[in-house]
Each structure stands twice: as C-alpha cells, then as structure tokens.
Amino acid sequence: MLRLLSTIQKELLLLMRDKGGLAIMFLMPMAMITIMAIIQDAPFRDYQELKIPLLLVNNDTGNVGKQIEVGLNESSIFEITNKKIVDENVKKAVKAGEYEIGIIIPDDATLSLNGNVQQFVSSKLSEVGLSEMPKELTNASELKIQILFTPDTKPSFKASILSSLKQSISKIETQFLLDFFTKELNKDNPEAVQSEKLKEFVTFNEINTLDTPQEALKLNSVQHNVPAWTIFGIFFIVISMAGSIIKERDDGSFLRIKTMPGSYLTVLIGKIIAYLFITIIQAFLMLLVGLYLLPLLGLPTLVIGSNILGIVIITVCTGLAATGFGVLVGTIFKTHQQASTFGAVSVVILAALGGIWVPVYVMPELVRTLSELSPLYWALTAFHKLFLNEVGVIAILSYSLKLFLFFVASLSISFFYNKSKE
Amino acid sequence: MNLQSAIIVSNLYKLYKKSVSPAVDHISFEIPKSSIFGLLGPNGAGKTTTISMLCGLIKPSEGKITVGDLDIEHDLENIKRIIGVVPQDIALYPTLTAYENLKYIGNMYGLKGADLTAKIHENLKIFGLDNVADKRLETFSGGMKRRINLIAGILHQPQILFLDEPTVGVDVQSRNVITEHLHQLNENGMTIIYTSHLMEEAENLCTDIAIIDAGKIISQGKPKELIKQNNTENLEQLFLKLTGKKLRD
C-alpha cells in the first residue's frame, strides 16, 4: 500500500509541476468547449428549427386558396413566400433551388371545388329523390393544384409533403361537402339544421418522455459540445501518460523501479489512479464550464439530468479507457515524439469518428457504422443519454462496459508486448 | 556454497533474441563479501548484460546466479531487498526536489516516517547536499545529480551495491566525495560491484577485478597482482594488453 500511495503522490506532484501538460489537460478542453459551443450555436439552432422554403402562388380569389394557405401556415414546417408570378417562373425558381417546393393554386380553385361538391351532393340527393340534378353543374372541372419539387428532392420527403398537403385539401373538401349538404337539406326549412365547423374526431397528443416537467430537451450546441470536448480532453491525457512511461524508460527510472522489491504492476496502478484522478477533475471542471460559464456568454445552460451516479460511472470508465490507451501508446512507441504524434492523431481520428466535432447523426451511413468502434463515441452516447434522456445506470452499462474492456484490452496488449520484447 | 562470497556466478550464458553471438558466453566468477569488485571491459563486452542478470532485470539463457546465499531464480524478491542499484543515467525526476525523490525511493523500499526522513537528511549531509534538499533536481549541476543518484541506491542500506559508471561526467570534487564514501560503505561491510571505463579510478577503488571481452572473462584477480603478472605498469596498460587497441562500437 505504501508503494501504491507513494506512486500516486509522486505522479500527482509530477503532473502538477508540468505546466505544459496542465494547459493541455485543462485549458485546451475548456477553450474548445467555449469556442465550439459559440461557433456551433447558430448551426445547431438552424438544424433544429429548419423550415422548408415554399413558394406559394395563390391565383384563387375565393375561400379554397385562403384555406390552403392557412393550412400550410398552421403546419409550421414551411417558410412561405407568397408571390403572383407566372407558372414558368415558379418552375425556374424551384429548379434553381431558391425554394424547395412550389405550389400553384389555380384562379378557379374555389369555383371548381364548389362545382364538384355541388355536383356530387346533388347527384347523391337526386339518387334518393331529395333533389334534382342542376343541369349547369354537370360539367364541373376537377380542381388541379400544381406542386413542384427541386430535382434532388428525396422520394420519402416528397411523399411526406404530398401526404401533408392532401390531408389539408381533404379537410377543406370535407368542410365544403358538409356545408353543401346542410344547405341542400335546409332548402325547404332554413332553421332545421345548422352547418357546423368540422370537428377533428382523432387528435394526436405528444407526451414528454422525461420525468422532469421541463420542456423536452434538444441536442443544442452546449449539450453537444460540453460532453464532447470533455471526453476529448480526457482522452488527450494519452499524450502525458505515454510521455511519462517513455521518460521513465529512457532515463532508467523504469529499470531502477524493477530492481526494487514488489511488482511493477503496483507502480503502474498508482500511475493509472493518479491520471484517473486528473481526468475526473477535468470532467468536473468542464461540467462547471457548461453550467456557469457558457450561460454568461449567452448560450443555453448545460442540463446534466439527475443521474449523478451514472455520470460518475461513465466518467471513471472514460478515464480508465484513456489512461489504458496511454499505457499502450507509451509501451509500443520508443520516443516521446512518436508517442505524442501518434497519440494526438489517433485521438483526433477517434474523436472525429466518435461524433466529437459534429454529431454522428449528420454523418454518412458508412462513417456512422465506423463511429460505433470509437471509445469516444461510447462515452459521448452515454453522456447524451444521461443528459438528454435522463436514463438510469442500467441504460449506460453497456457503454461503460465497452470502455472498461477497452482499458483491459489496452493493458493486456501492453503486457504481452513487453513480454515479447524481453 | 562459499560463505565468503557475496555473489557466485556459474556458467552464465545469455543469447538475445535475433542475435547470432552471445552477449555473455559461459562465464563463472565469485565476488568476495565486503569487496569492491570491478567488472571492466570495452564497449559491448557484456558488462551491462552481466550486471542486469545479477540484479534480476533480465533472465539468463543458461547458468546459475547466487546473490547473498539466495538463488536468483527462486528468491528474486528477497534478493531485491538486499541489493541497491545506481544506474549510469540519473534515474530520478527532475521536477521533484531532492527530498521528494529520495522519499519516493525510500517508500518503494518500505521505509517511511521519521526513520526515512532522518536517513535522507543524514545522507544529504554526507554528500554536501543538505542545504538543497528542497530544491528541484532540474536546478542541480551534473555532480550534484550524481550524488543524489548514489544516495537513492544506498538509502535502504543494501548489503550489495551495483554501480554503473557512478562518476562519469562529474567534477573532481564530486568524484572525490563519491569514491571516499564508497570506501566508507565498503569498510562498513557493503559489497560493491562497480563498472567503469576510468581505469585509474578502478585501480584505486577496487579490491578485485574481472576483465570481460566479447562475453568472456579474460582475466580475474586482485588488480595489483594482475598488473604484476602481466608485466604492466598500471591497470590501463593491463586492460589494453588484454583487450587490444582495436576500436569498439
């Protein structure tokens, strides 16, 4: 125990006196969190609150055109521009990508829908002998609304937009039918039946799945960047850890320690505990940045949820994975320069794959598949689940286990590599 | 077993992986208790490999080593408690103070508390470093670092001390303090195994020597007797006569 405690104390003293190392461990992730959260704030908002630009040419002067317009506005997914331009110019604007969608409502839309509804209702009523079919309505033309999409619009997106539009039109059609039926039935007795606004018999109620009464959280710039760059900072300890191992090997300390009684494993565990302690301090400070510093800069406050145990578990496992990787890099590479170059490049690559720079869900499918191999992805996913979904410890156990196994695998490879070199 | 021997080496052989010729080729020798034994040889002769095997850092391919009546193959942990090693490199931490470095080394040998503190200050005083105990090693001169390096090897008062070029690159004053104290330790019963390229220093310091070349011991005995037997004037002449004047890598 004395050897272990003494090694931890020695390593902490060495770390505290390494000004450059401290800057990399604490200031770098702090700066990255702040800068990236500010830079990505607007793009995250845009991505979350993105509206589809739509060009609406409403040539109809009647009710149908107005109701379609109201329906589109109520959907809240379109950024509608109203223009009175010719069809050819609508096509050009959509083709050029100025608008994602173009909708042209013909000038006879109300007249046409009215005619069709009257024709339909009169025909049905005359079939049961309640009314006579008016001769002037037999040739009512079908209402044709033109819809244009940009050439690269995905079929699934097109289908969902068409479905949404059809739903709106269908509602208007039904309202027209109801109004006209009422009118026909009241021909002889105007006070008998009142026309009513069409009711919605089925409604959808969105439930907040979070336990807290707060508004459902979105992955904003702060929620992404604080855990992301905290994990990145934790993994950057690979360079210090590998450097420490190489230095001890180069200056003979490693051999001196090996001539002393007791196992070298005790010394290595002491080193890992010291570095692990630093990673926990790192994580704590970075969360404080998200909670107190970023709001001062006009950014949203970091929401960390209520599962503190989960946060501790995933932080410790991330720290272990990083220190284990540091031991591996320090064991395999011969010089500090080789280790620091490889350590930095490998962490940057694992970070890019792991969704540290940009969220994984905006990446191509192939990269998304590769992401699942990155320990930084496991850590980030677990943090997101804890912060955004407020999951319990069980839900992050698989990620914690993966990180722990990564640590064990790194140490095992280092051990067998050293054995093979003896 | 010879109870007068601190170390007995029998038929020691070491062939490294991917190496054609052995680093140490079936050597045998005994190091008397309370002697200062010089293992001398040109670069690449096999000195470091031999010392590394005696300290238990590397395993021999063949042969047997007994250190302080203990078999190195079975009692390495106990052997580690009775030996001290002073490597050629300053195997200490530059950003720690002299005291912090020595405290760490002492703790690693199980020393602690007031006893350890007293031992550290006693040794620092002997080597003229008591006034810089709280200064970082990175601020020390080469000679001061060498003295701290030596203290780190003797702090736990080992029975047997291995020294690899302990005075390389130090000024005359530091070298004098180091050799004087080594004599003192030896007089108190410590066996010292020493390697060096400084033949004059070895001649003055060692009670026994072995000259090794190409992995084999080519001469062994008391320095004065060997010089006389080979009709040479000093150890350097003897060394050149036995190992030749050809440059080594």
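This is a short group-meeting talk on a predicted model with chains A and B.

Hi everyone, thanks for coming. Please keep in mind that what you see above is a predicted model. I'll begin with chain A, move to where chain A touches chain B, and end inside chain B.

Let's start with the overall picture of chain A. Its secondary structure comes to 15 helices and four strands. Of the 422 residues in chain A, 36% are buried. If we take the contacts in chain A with a separation of 6 or more, 80% of them come from residues 24 or more positions apart.

Now to the strands. The four of them form an open sheet in the order E2-E1-E3-E4 of chain A, with mixed pairing. Strand E2 (78-82) and E4 of chain A stand at the edges with a single partner strand each, so one side of each has no neighbour in the sheet. From one strand to the next, the twist averages 20°. Helix H3 of chain A, residues 63-75, packs on this sheet and touches E1, E2 and E3 of chain A, and its direction makes about 170° with that of E1(A).

Let me dwell on strand E3 of chain A, residues 101-105. How many of its five residues are buried? Five of the five, so to speak a full house. Here is a bit of background: in a regular strand the side chains alternate between the two faces of the sheet. On one side of E3(A) we have Ile101(A), Ile103(A) and Ile105(A), on the other Gly102(A) and Ile104(A), and both faces are covered.

Who are the partners of E3(A)? Strand E1 of chain A, residues 52-58, pairs with E3(A) in the parallel sense over five bridges. Two of the pairs you can find in the viewer are Leu56(A) with Ile103(A) and Val57(A) with Ile104(A). With strand E4 of chain A, residues 146-149, E3(A) pairs in the antiparallel sense over four bridges. There Ile103(A) stands opposite Ile147(A). That makes Ile103(A) a handy residue to click on, with Leu56(A) as a bridge partner and Ile147(A) as another.

On to the helices. Helix H7 (residues 221-235) and helix H11 (residues 308-332) of chain A have axes that come within 8 Å and cross at roughly 35°. H7(A) brings Ile231(A), Ile234(A) and Phe235(A) to the contact, while H11(A) brings Thr318(A), Gly319(A) and Ala322(A). Sorted by type, the residues of this contact are four nonpolar, two polar and no charged.

H11(A) comes up again with helix H15 of chain A, residues 393-421. At 1.5 Å a residue, the 29 residues of H15(A) should span 42 Å, and the end C-alpha atoms are 41 Å apart, which agrees. H15(A) also has a kink of about 30°, centred on Tyr399(A). Tyr399(A) is itself buried, as are other residues of this helix, including Leu403(A), Phe406(A) and Phe407(A). What do the buried residues of H15(A) pack against? They pack against H11 and helix H14 (375-389) of chain A.

Now let's look at the interface. Here 18 residues of chain A are in contact with 22 residues of chain B. On the chain A side, the elements giving two or more residues are helix H1 (2-16) and helix H9 (253-258). H1(A) gives the most, with six residues. By type, that side of chain A divides into seven nonpolar, four polar and seven charged residues.

Finally, two spots in chain B. The first is Cys206(B), in the loop between helix H7 (199-205) and strand E9 (208-213) of chain B. Is Cys206(B) buried or exposed? It counts as buried, because it has 22 C-beta neighbours inside 10 Å. Setting aside neighbours within four places in sequence, Cys206(B) is in contact with Ile36(B), Phe37(B), Gly38(B), Tyr194(B) and Pro223(B).

The second spot is a hairpin. Strand E4 (residues 62-67) of chain B runs antiparallel to strand E1 (residues 5-14) of chain B, joined by five bridges, and Ile7(B) has Val67(B) as its bridge partner. E4(B) also pairs with strand E5 of chain B, residues 70-71, in the antiparallel sense over two bridges. In that pairing Val67(B) stands opposite Leu70(B). E4(B) and E5(B) form a hairpin with two residues between them, and Gly68(B) in the turn has a positive phi of about 55°.

That's my tour, and I'm happy to take questions.

Note on methods: Residues are numbered from 1 along each chain as its sequence is written. Chains are lettered from A and ligands numbered from 1 in the order in which they are written. This is a predicted model: local features need pLDDT of at least 70, side-chain atom pairs count only at pLDDT 80 or more; totals for chains, interfaces and linings use all residues. Axes are lines fitted to C-alpha atoms, for helices over the stretch in contact, and angles run from 0 to 180 degrees between N-to-C directions. Two residues are in contact if their C-beta atoms, placed from the backbone, lie within 7 Å. Ala, Val, Leu, Ile, Met, Phe, Trp, Tyr, Cys and Pro count as nonpolar, Asp, Glu, Lys and Arg as charged, and the others, Gly among them, as polar. A residue is buried if 20 or more other C-beta atoms lie within 10 Å of its own, exposed if 12 or fewer, and partly exposed in between; C-beta atoms are placed from the backbone. Two strands pair if DSSP finds at least two bridges between them. The expected span of a helix is 1.5 Å times one less than its number of residues. The bend at a residue is the angle between axes fitted to the seven residues ending there and the seven starting there.
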